[in-house]
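Dear colleague,

I am passing on the structure we spoke about, together with some notes on what came out of it. Please read them with the model open beside you.

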Amino acid sequence: MLVRLFCGLLLLTSFQVWSLTGLYERGWIPESSSLKFYVLYPELTESFYTDSSSALLWNDSEASEMLEFQLSIIDRSEISPLFERQLKRLRFYREQELWFEHDILSMDTLIFYLSYSENAPLIGKPWYFEDKLHAKLPKPSPHLLFNLKRNLESNTLKEFVLSYAPPVGDYKQFKHSYSLLEDSIVEPIELYHQLGLKRKGDELLDRSSLIKRMSLVGINTQLIEPDIVYFDETLEVALLDFQAMHGLKADGVIGPKTMAWINMSPERRLHSLSLNAERARLWPQERDSMILVNVPSFDMKYWSDGEEVFESKVVVGKLSRKTPLLTTKLDSVILNPTWNVPWKIMVEDILPKVKADSTYLQRHNFEVIEKWRSPESLNPDDIDWASINPRAFPYKMRQQAGVKNALGLYKFNTPNRRAIYLHDTPSKGLFDTDRRAYSSGCVRVEDAEEFAELLIQKHTKKNFEDSTALKANTRVQLRKRIPVHIIYQTVLFEDEGIQYRSDIYKYDSMSNEG
């Protein structure tokens, strides 16, 4: 980590000192100005002033405020020390009323921001999950620069800057939520305290703090009776909204999970809000035909012809076997599938159970084979299970089709090098929990039969049939492959408002590391 931090600092301090000759010659900025140390695109930035008769291009203060707000989102997300540096210098110039320096650096930083916005969906995934953006990016495309020049000429710079804001749905609502959290950092709200569980009818000695902390995330608390000390119906209504906002079971009971969300620090919320706003640039916004699995919300949605036609709870990979974030395509539905057990699962999960219980394979319909295409299985009684070394086991395992099969009755085939796909499961009880991270990486779909029937009806000429009556591994090919995106958003920007989810893989906190 120290090596990476050193490399980042080296990048920040190794920029060539440029002259911005034309701007200095005009006498707009003194030779002693620090501006030359901060401009990233000197020739390109200078060209906008050369082509203009005006000394200042940022005459609209709202445009300047809009840019700085969007830079503050990146700053709060902690994904780029370079953007952080530029923002600090812009604020310094503004506070010192160095308007020429502020104007020029605003233009240069906007160029950087446009390049960032353009490149984020293409190469930006590491910035949000692995490593920070330390170095400057290539110049924006000519198309973007042309649009920038055109908006400067038409005095629509504010609208232009806003058009490259992160895709957070209702932008006014986002700014309002952002401001509430910022204000609470300046004027902290007391933590909420209680003993045991609390539900409607119980006495609440710290009711005021509870109401204030729920209002911090935009929960409507105006109808709550302010002058009583017990858990009444108006408070329950607000609490149910709060629990739904955080993906909790909306039961109206204040327990440990609800308490954790109530007392989450505004700094942490603001970081997650900002990071996920920027992270949203990665995922597709046009949803004509696609399947979207969001890991932290344990949820899958399917859009067809621009409309959401299916939604289901899902189970994703546990912490030790995370579901990877990837883009693939669903090409077929496998009815009554068998399961070729991956090597890691066989070695770490199944073989230890077989060594402890020789009847395990038979009870769970596993067969031992020499190769995946072997027509005949081996007799497990011929294997000395007690003496085998799981990691040197020379055979493979396959689970026969049927209701006990780990894939259930439906496999949704998505060819990819990680061998990750969507499938049914016989373990339906797992969908009753809030935190559904139990799988070995693949995605288990609660309403798999309904999903399979929908796909077959929409994308084939076949009729949907009972899987158990069909031959094992009956493949139904879809006429058109459907894009599948497995994403990671702990803050969701939905039509009904901002939603928060747990950072189950700790990817949000990774951005705080160097």
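Where in the fold is the place of Cys-442? In this model, which is predicted rather than experimental, Cys-442 sits in the loop that runs between strand S10 (437–439) and strand S11 (443–445). I begin there since the UniProt record, an unreviewed entry, places the feature "active site" at His-423 and Cys-442. These two positions span 20 residues in sequence, yet their C-alpha atoms are no more than 7.7 Å apart, so they gather at one spot. Both His-423 and Cys-442 also belong to the lining of the second largest pocket.

Taking the two residues in turn, His-423 lies in strand S9, which covers residues 422–423, and its relative accessibility is 5%; because buried means under 20%, His-423 counts as buried. Leaving aside neighbours within four places in sequence, His-423 is in contact with Ala-406, Leu-407, Tyr-410, Lys-411 and Phe-412 on the one hand, and with Cys-442, Val-443, Arg-444 and Val-445 on the other.

Cys-442, at 13% relative accessibility, falls under the same 20% cut-off and therefore counts as buried too. With its neighbours within four places in sequence again left out, the contacts of Cys-442 include Val-315, Val-316, Gly-317 and Thr-323, as well as Ala-419, Ile-420, Tyr-421 and His-423.

Elsewhere in the model, I looked at helix H5, which has 15 residues (81–95) and reaches 21 Å from its first C-alpha to its last, close to the 21 Å expected at 1.5 Å a residue. The buried residues of H5 are Pro-81, Leu-82, Phe-83, Arg-85, Gln-86, Leu-87, Arg-89, Leu-90 and Tyr-93. As a reminder for reading that list, an α-helix has 3.6 residues a turn, so residues three or four places apart point the same way. Just after H5, Glu-97 takes a positive phi of about 60°.

For the protein as a whole, the secondary structure comes to 18 helices and 14 strands, and the C-alpha atoms fill a box of roughly 90 × 60 × 50 Å along the principal axes. Of the 514 residues, 52% count as buried, while the exposed area is about 25600 Å², with carbon and sulfur atoms supplying 50% of it. Among contacts between residues at least 6 apart in sequence, 69% join residues at least 24 apart.

With best wishes

Key:
Residues numbered from 1 in each chain as written. Predicted model: local features only at pLDDT ≥ 70, side-chain atom pairs only at ≥ 80, totals over all residues. Heavy atoms only, no water. UniProt positions renumbered as here; feature names shortened; annotations may be inferred. 1 Å grid on protein atoms, 1.4 Å probe; cavity = no way out; pocket = protein on both sides within 12 Å on 5 of 7 lines; lining within 4 Å. Helix = DSSP H or I, 4+ residues; strand = E, 2+ residues; numbered from the N terminus. Buried < 20%, exposed > 50% of the residue type's maximum accessible area, 1.4 Å probe, protein only. Contact = heavy atoms within 4.5 Å. Expected span 1.5 Å × (residues − 1). Areas by Shrake-Rupley, 256 points an atom, 1.4 Å probe, with all protein chains shown as cover.
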